[in-house]
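The exercises below are meant to be worked with the sequence and the model open side by side. Each task is followed by a solution in steps.

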Amino acid sequence: MSGDMRLGELADILDGAQHGAQATPQVSTSEALSLADAYALQHLVVAKRLERGDRISGVKLGFTSRAKAQQMGVDDVIIGSITEGMRIDEGGVTEPALYIHPRVEPEVAYLLGSDVDLDDADASHAIVAVAPALEIIDSRYRDFKFSLEDVVADNTSAAGYVIGAWQDPAAVGDLGNRGVRLEIDGALVETGSTAAILGHPARAVDAARRMAALHGFELRAGMVLLAGAATAAVPLAPGATVEATVTGLGRVAVRVAAKEESDD
Ligand code: OOG
Ligand code: MG
């Protein structure tokens with residue numbers, strides 16, 4: 001990497017691809033990015049959203065499940081930012097024009113009730129609520145293909161998310177091995193278990209703390225933590241209604257508008 005100037009140019013390209021929903025070649029085809037460069041680039045790209053008035057609503061982990069890591073050929077846990085502008089109301093509608101080649105995946109979300117001290121070895125006491133979630137990922141790279149550094153630079157493909165009703169963690173009980181179902185238009189397309197997420201989704205809290213400390217993120221009161229997909233991701237077509245269910249935790253749904261609905 002040839003210095004900050006080039007990172008700035010790359011940030012413009014990636015932000016343009018995200019904002020304009022236009023695919024772009026992988027950064028790694030033209031630049032040798034280190035993982036540290038890739039996170040520096042991700043922070044620059046997210047800062048451009050914030051300059052347009054968006055705000056950070058939380059963090060997400062990626063590749064916490066083997067199914068996902070194998071699907072994408074990448075096997076290190078990664079961290080990215082989610083923003084208020086990416087949030088879709090439970091049961092709401094999202095526009096296909098916002099995405100290049102979106103995919104959807106069922107997740108578990110945690111809500112932080114207090115700031116997390118990144119040196120605190122047990123951050124689990126910061127969790128005040130848990131919910132089923134859907135994440136819409138949309139790699140800005142052609143054909144959804146990337147290296148680890150590419151996907152980190154592209155804010156871990158973050159594009160949209162939906163959170164179901166928040167539940168009291170004590171009332172929900174141990175989430176270590178709950179059935180996860182992903183349905184599209186009423187047809188079951190993926191099944192899995194919350195155990196796919198790092199062996200137990202609660203481990204995502206500590207993983208997020210460690211990743212945040214390493215890569216320059218903050219974990220603040222009010223932030224959402226997306227723990228990572230419990231199954232492989234599934235292509236999301238215009239007009240589709242998606243629903244995820246996590247046994248004993250609840251359901252969460254979203255609809256993609258049909259192409260005609262979004263045409264002006
Ligand atoms: C990267 C994002 C992975 C997850 O839950 O594993 C992710 C990608 O697959 O494009 O969000
Ligand atoms: Mg995800």
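The model is a predicted one.

**Exercise 1. The open sheet**

Give the strand order of the open sheet of five strands, and state which strands are at its edges.

Solution.
- Step 1. Reading across the sheet, the order is β4-β13-β12-β8-β9, and the pairing is mixed.
- Step 2. An edge strand pairs on one side only, and this applies to β4 (93-94) and β9.
- Step 3. Inside the sheet, β8 runs antiparallel to β12 (residues 241-246), and the two are joined by five bridges.
- Step 4. One residue pair to find in the model is V180 with its bridge partner in β12, V246.

**Exercise 2. A strand and its surroundings**

Determine how many residues of strand β2 (residues 78-83) are buried, and name the residues on each face.

Solution.
- Step 1. A residue counts as buried when its relative accessible area is under 20%.
- Step 2. Six of the six residues of β2 are buried, so the strand is largely enclosed by the rest of the structure.
- Step 3. One face carries I78, G80 and I82, the other I79, S81 and T83, and both faces are covered.
- Step 4. β2 pairs with β1 in the antiparallel sense over six bridges. In this pairing I79 of β2 is the bridge partner of L61.

**Exercise 3. The magnesium site**

List the protein donors of the magnesium ion (ligand 2) and work out how they are spaced along the chain.

Solution.
- Step 1. The donors are OE atoms of E105, E107 and E135, which lie 2.0 Å from the ion.
- Step 2. Along the chain these donors follow the spacing E-x1-E-x27-E.
- Step 3. E107 belongs to strand β5 (residues 103-112) and E135 to strand β6 (residues 127-137); the two are 28 residues apart, so the pair links distant parts of the chain.
- Step 4. E107 and E135 are both buried.

**Exercise 4. The length of a helix**

Compare the expected span of α2 with the distance between its end C-alpha atoms, then list its buried residues.

Solution.
- Step 1. The expected span is 1.5 Å times one less than the number of residues.
- Step 2. For the 17 residues of α2 the expected span is 24 Å, and the end C-alpha atoms are 24 Å apart, which agrees.
- Step 3. The buried residues of α2 are D37, A38, Y39, L41, Q42, V45, V46, K48 and R49.
- Step 4. An α-helix has 3.6 residues a turn, so residues three or four places apart point the same way.
- Step 5. After α2 comes G53, with a positive phi near 100°.

**Exercise 5. Positive phi outside glycine**

Locate A21 and D185, which have positive phi values, and decide whether each is buried or exposed.

Solution.
- Step 1. Most residues other than glycine have a negative phi.
- Step 2. A21 has a phi near 50°, and this residue sits in the loop between α1 (4-20) and α2 (35-51).
- Step 3. D185 has a phi of about 50° and is in the loop between β8 (179-184) and β9 (187-193).
- Step 4. A21 is buried because its relative accessible area is 13%, under the 20% limit.
- Step 5. D185 is exposed because its relative accessible area is 55%, over the 50% limit.

**Exercise 6. The largest pocket and the largest cavity**

Describe the volume and lining of the largest pocket, then do the same for the largest cavity.

Solution.
- Step 1. The largest pocket has a volume of about 360 Å³. Its lining has 21 residues, and those closest to the centre are Q18, R49, G85, L98 and A159.
- Step 2. Two or more lining residues come from each of α1, β3 (87-88) and β7 (158-163). α1 gives the most, with four residues.
- Step 3. By type, the pocket lining has seven nonpolar, seven polar and seven charged residues.
- Step 4. One cavity of 30 Å³ or more is found in the whole structure. The largest cavity holds about 120 Å³ of space.
- Step 5. This cavity is lined by 18 residues, with K60, G62, F63, K68 and T156 nearest its centre.
- Step 6. Elements giving two or more residues to the cavity lining are β1 (56-62), α3 (66-72), β5, β6 and β10 (224-229). The largest share, three residues, is from β1.
- Step 7. The cavity lining divides into nine nonpolar, four polar and five charged residues.

Note on methods:
Residues numbered from 1 in each chain as written. Chains lettered and ligands numbered in written order. Predicted model: local features only at pLDDT ≥ 70, side-chain atom pairs only at ≥ 80, totals over all residues. Heavy atoms only, no water. Buried < 20%, exposed > 50% of the residue type's maximum accessible area, 1.4 Å probe, protein only. 1 Å grid on protein atoms, 1.4 Å probe; cavity = no way out; pocket = protein on both sides within 12 Å on 5 of 7 lines; lining within 4 Å. Points joined across faces, edges and corners; volume = space filled by probe spheres on them. Nonpolar A, V, L, I, M, F, W, Y, C, P; charged D, E, K, R; others polar. Donors = N, O, S within 2.8 Å, 3.2 Å for Na, K, Ca; no water. Pairing = 2+ DSSP bridges.
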